[in-house]
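I opened my notebook to look up two things in this model. One is a helix contact, the other a pocket.

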Amino acid sequence: MSKKDKTLKDILDLILYENPSTQDEIAEKLGITRRYVTQLLQPLVKEGTVKRAYMIDLKSYEEIAQSLSDYVTTKNSTGNVLINDMLANMARHVHSQLEASFEAVLEFDEDKANKALEMDYVTNNMVEKIRTSVETIVSIDQHSEISKSLLYNEVAYDLERIGDYCGHIAKFVINDVYEIDDNILKKLKKMYDVSQKMIRISMLAFINGETNLKDDLMELEESIHILQAKSINIIAEQMAENSFDEKERSNYFIYLFRVIKAFERMGDISVEMMDVAIEFHENIPRPTTPRSFR
């Protein structure tokens, strides 16, 4: 492969897996000039292989990669493998988004909270790229199971929802004037740790087929509900000791409830993703009864 072809392949892989926003960002990450990025991408933009906002037509991508002799096996060149990689990258981003949001709360840092909220734009962009890629696979692969392919969209949407709840956590710092007291903060730290583990387990189940981890996931879900109940009891005691004539203090409790609810919902969404993984890998349909009534 020539140096020019390798650079083009590096650019395409970067667009697929790291979701750059501009050509300047692509150039910086690869250590090349923006002018060279433009030179290599311009023909692909004109023919529709690379779309504005930097999305790639998967069928064209596979044809280009094959022409560059970069694919080793047919298995590794399938659209599903690419989407798995995109989902894994999105999950890593959501883990980082959750970490950044909670760090903002721990340090009561408004600047960090705003940066955490900005990360949600990338999360939303990743969902759109996965949706577009799934549509491409369904349209070009007559042998694909449409119902299974669409499950990729569901997992991406679930990760986006978790990203939205990360925003609820970050907004606590922006909306409120009180720091969280140590008793509740200890519970929130545990809920944060459990949430991160649950997201990780559910993604291992979907991407790697490790559906045997469901029992571990359900134990974690039970623990997050227990932590939620204990946190709410502490808040109820604190509310009883405070006058609701203080508007700021009332808002503090409202926003704090949202943080606790955000962690609980992340746990619930993780279980939903596990159900999707079981349907995807084991062909066992998900329960039709809403989880709140099971």
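Before sorting a lining by class, I fixed the classes: Ala, Val, Leu, Ile, Met, Phe, Trp, Tyr, Cys and Pro count as nonpolar, Asp, Glu, Lys and Arg as charged, and the others, Gly among them, as polar. I also noted that the model is predicted.

**Entry 1: the pocket.** I looked up the second largest pocket and found a volume of about 160 Å³. I listed its lining as Ala88, Ala91, Arg92, His95, Ile199, Arg200, Met203, Leu204, Ile207 and Asn208. I then asked which elements give two or more residues to this lining. They are α5 (79–107) and α8 (182–208). The largest share, 6 residues, comes from α8. Sorted by class, the lining of the second largest pocket has 6 nonpolar, 2 polar and 2 charged residues.

**Entry 2: the helix contact.** Next I took helix α2 (residues 23–30) and helix α3 (residues 34–47). Their axes come within 8 Å and cross at roughly 110°. Angles of 65 to 115 degrees count as roughly perpendicular, so α2 is roughly perpendicular to α3. I noted the hand too: α2 passes α3 in a right-handed crossing.

Which residues make the contact? On the α2 side I wrote down Gln23, Asp24, Ile26 and Ala27. On the α3 side I wrote down Arg34, Val37, Thr38 and Leu41. I sorted the residues of this contact by class as well, and they divide into 4 nonpolar, 2 polar and 2 charged.

Methods. Residues numbered from 1 in each chain as written. Predicted model: local features only at pLDDT ≥ 70, side-chain atom pairs only at ≥ 80, totals over all residues. Heavy atoms only, no water. Axes fitted to C-alpha atoms, helices over the stretch in contact; angles between N-to-C directions. Helix = DSSP H or I, 4+ residues; strand = E, 2+ residues; numbered from the N terminus. Parallel < 35°, antiparallel > 145°, perpendicular 65-115°, else oblique. Left-handed = near helix turned anticlockwise from the far one by under 90°. Contact = heavy atoms within 4.5 Å. 1 Å grid on protein atoms, 1.4 Å probe; cavity = no way out; pocket = protein on both sides within 12 Å on 5 of 7 lines; lining within 4 Å. Points joined across faces, edges and corners; volume = space filled by probe spheres on them.
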